[in-house]
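Open the model in your viewer and set the chains to separate colours. We will take it one selection at a time.

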Number of protein chains: 2
Amino acid sequence: MESVFHKVDCLHCRLSALCLPYGLRPDEISRLENIVQRKRPIKADDYLYRQEDQCLSLFAVKSGSFRSFISNADGNEQTVGFYLPGELMGLDSFKNGRFHCSVVALETSTVCELPLSRLNELSNKIPNLQAQLLRIVGTQIVSDHDKIVLLGNRSATEKMATFLLMLSQRYSALGFSSTEFNLTMHRHDIANFLGLTIETVSRQLSVLSKKGVITVKQRGVQINNLDSLKTIVEPCLPNSFKFVS
Amino acid sequence: MESVFHKVDCLHCRLSALCLPYGLRPDEISRLENIVQRKRPIKADDYLYRQEDQCLSLFAVKSGSFRSFISNADGNEQTVGFYLPGELMGLDSFKNGRFHCSVVALETSTVCELPLSRLNELSNKIPNLQAQLLRIVGTQIVSDHDKIVLLGNRSATEKMATFLLMLSQRYSALGFSSTEFNLTMHRHDIANFLGLTIETVSRQLSVLSKKGVITVKQRGVQINNLDSLKTIVEPCLPNSFKFVS
DNA sequence: CGCTCCCTTGAATGAGTTCAAGGCGCGTGG
DNA sequence: CCACGCGCCTTGAACTCATTCAAGGGAGCG
C-alpha cells in the first residue's frame, strides 16, 4: 500500500552519524526507522510548531534549515537557535510536554518526525538509543551555554565572527564547504540572535568584507581567510575549544 | 559500620519534590537513596568540579548555592548559571563525558553525589526515574533559553529586575521568603551573568533602592514592591510565562 | 588601627542603537 | 523587455545607554 509518507532509510542517510541513529547497531536502526515519519516539505516561513503547542513528536532536520524563537509579551521575538540537517528539535518540551519555542522553516525544508510515545517505548528497549538521546540533549545544553557566553560579554565584531565560524564548522561537519555557504536566515534573524541590530550586523559584514576576510553577495558568504576570523574569535572561546583545522 | 558519608534520606528530604526523586514511588526512592553519596560540605570559593574534568557523577544541591562558569582563552569567565537547593549540576557532561563548565560554591554548601554508572543502571530499571531525568534536562534547556532571551535584547534595568524576580521565585519554590533573601553571589558574578559591568549592577540596584522598590543591605535584599519589579519585567517575558502570585 | 576587599558613586568616553535616506535585486505588470 | 514597486540590505549621522576610568566609602579581620 502506498503511504503518503516517503520511505524512511536511516541506515543509508548521510546524516545518521550526526543524528539519533548514531551508535546504534543496524538492527536497532531499523527498529528506529519504523517509528520515523517523513512528512511533506515545509515551505519557507511556515511553522513546524508553535510555542505552547503540546509536543507529541520530536523532529530531526532532514534537509533545509529552521529558526527557533521565543515570543515575548511585548510582541518581540528572540531567536534562540538555528537548526541544520541532523539536528533534533523539540527537546525543550521534555520539561512539561509543551514546546517552549516556535520553529519556522528558513527555506523549503524536510523533517523526520519522531512520535514521542513510540520513541520513549523504543528507548526503554534500546539502551544505545537512550544513551544517544542523552548525548544529544547534552550537546544542546553545551551549545546553549556557548550562546550564553557569546551574548554575555562580546563585541559586535566578535559576535559576528563567531557566528560565521560556527556556521562554517557546522556546514563542514555536514560535508559541505566550510568556506562558502548561504545565510539562509535574514539579517534581521542574525541580528536578533546575536543581540544586535540589523544595521550593526550589516556594518560588521561590511567591515569584514572591506578587510577581505569575507566576500558577501546577498545571502551568499565566502570566507577568504578563516584564520583571520579565528584570530578575532579565539580569545572568546572556552579553553577547551579546539578548531578543526 | 560507620560510613564517612552521612545517612541519605531522599524520602524525607524537603527538596525531593524539586529533585530527582520527584514522581518516584517510595520503593523506587529507596533504591535511588542507595546510590546517593553525601560528601562533606564544600566551602565558599571551593570547586565542586572543573571544566574539562571527566564526569563520573552528577551532583544535586542539598544546601547552599553554586555558580557555574566557562573560562575563555583570554582568561575571562562567563557565569552561566546559579544553582540553588534541589537543582542538578553536571548535565552538560552528557555530551561527551566531560564537564563543560566549572562549578564553585558561593557559600558553605553540601551536595548529593549521584555516580553516573549506577544512575544509568538504575534509570534503565526505573522508567519513572528515566522520565524525571528527562524532565530535569528539559527544565535546564528551557531555563538556558530564558537566559538567552534575557541577555539578548534587554536593558540593564530589565536584566536586573528579572534577575531579582527569578531569585525571588526560586527561593519561594524552596519554601523560603520570596521578598527577603541574600544574594550569595558577588556583584561581580551578577554583572558577569547578566552581561553587564559591576558598576552598572550597582547603579541599577541603587535606582531600584531609591524608588523604594527594594532595600539593599550588603548582600541582603528585601523586595518591597514585587509588582513594580513585575511591571518592569513583564514585557520581556515569554507569552507563556505566568508569575505565581 | 590599618589593611584589604567589595561595593558605590561620579564624570568622561565610546560602542552600538536609532533615525533617516538611499541602493540593489527581484518579481509583477504594462 | 523595461518600468515600477516592494522588501531587504547598506550606509551615514546623531544620539544614548552602558562602559570605562577614577575616587571614595564601609564592613570585616588581623
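Select B:Asp74 and A:Arg154 and show their side chains: in this predicted model they form a salt bridge, with the closest N and O atoms 3.6 Å apart. How many salt bridges does the rule find across the interface of chain B and chain A? It finds one, so you now have it on screen, since a salt bridge is counted within 4 Å. Polar contacts between chain B and chain A come to four residue pairs, counting residues with pLDDT of 80 or more.

**Next, the side of chain B that touches chain A**

Colour three elements of chain B: β4 (66-71), β5 (77-83) and α3 (127-152). These are the elements that give two or more residues to the side touching chain A. Which one gives the most? Pick out α3(B), with 16 residues. If you colour this side of chain B by class, you will find 18 nonpolar, 18 polar and nine charged residues.

**Then, the whole interface**

Now select both partners: 45 residues of chain B are in contact with 44 residues of chain A. The size of an interface is often given as the accessible area lost when the parts come together. Here the area buried between chain B and chain A is about 4200 Å², and carbon and sulfur atoms give 62% of it. Show B:Leu134, B:His145 and B:Ile148 as sticks; these three supply 15% of the area that chain B buries against chain A, more than any other three residues.

**Last stop, DNA strand C**

Move to DNA strand C and select the 15 residues around it. Those that come nearest are A:Ala156, A:Thr200, A:Arg203, B:Ser202 and B:Ser206. Of the strand's atoms that come within 4 Å of the protein, sugar and phosphate account for 64%.

Zoom in on three residues of chain A, one after another:

- A:Ala156 has a backbone N or O atom 2.7 Å from a phosphate oxygen of the strand.
- A:Thr197 places a polar side-chain atom 3.1 Å from a phosphate oxygen.
- A:Arg203 has a polar side-chain atom 2.7 Å from a base oxygen.

Which elements should you colour here, if each must give two or more residues to the surface near DNA strand C? Choose α6 (198-210) of chain A and α6 (198-210) of chain B. With four residues, α6(B) gives the most. Finally, colour this surface by class to see two nonpolar, eight polar and five charged residues.

Technical notes. Residues are numbered from 1 along each chain as its sequence is written. Chains are lettered from A and ligands numbered from 1 in the order in which they are written. This is a predicted model: local features need pLDDT of at least 70, side-chain atom pairs count only at pLDDT 80 or more; totals for chains, interfaces and linings use all residues. Side-chain values use heavy atoms; hydrogens and water are left out. A residue is near a molecule or strand if one of its heavy atoms lies within 4 Å of it. A polar contact is a pair of N or O atoms within 3.5 Å; within protein, one must be able to donate a hydrogen and the other to accept it, and residues adjacent in sequence count only if both atoms are side-chain atoms. Ala, Val, Leu, Ile, Met, Phe, Trp, Tyr, Cys and Pro count as nonpolar, Asp, Glu, Lys and Arg as charged, and the others, Gly among them, as polar. Contact means heavy atoms within 4.5 Å. Buried area is the accessible area (1.4 Å probe) that two parts lose on being put together, summed over both.
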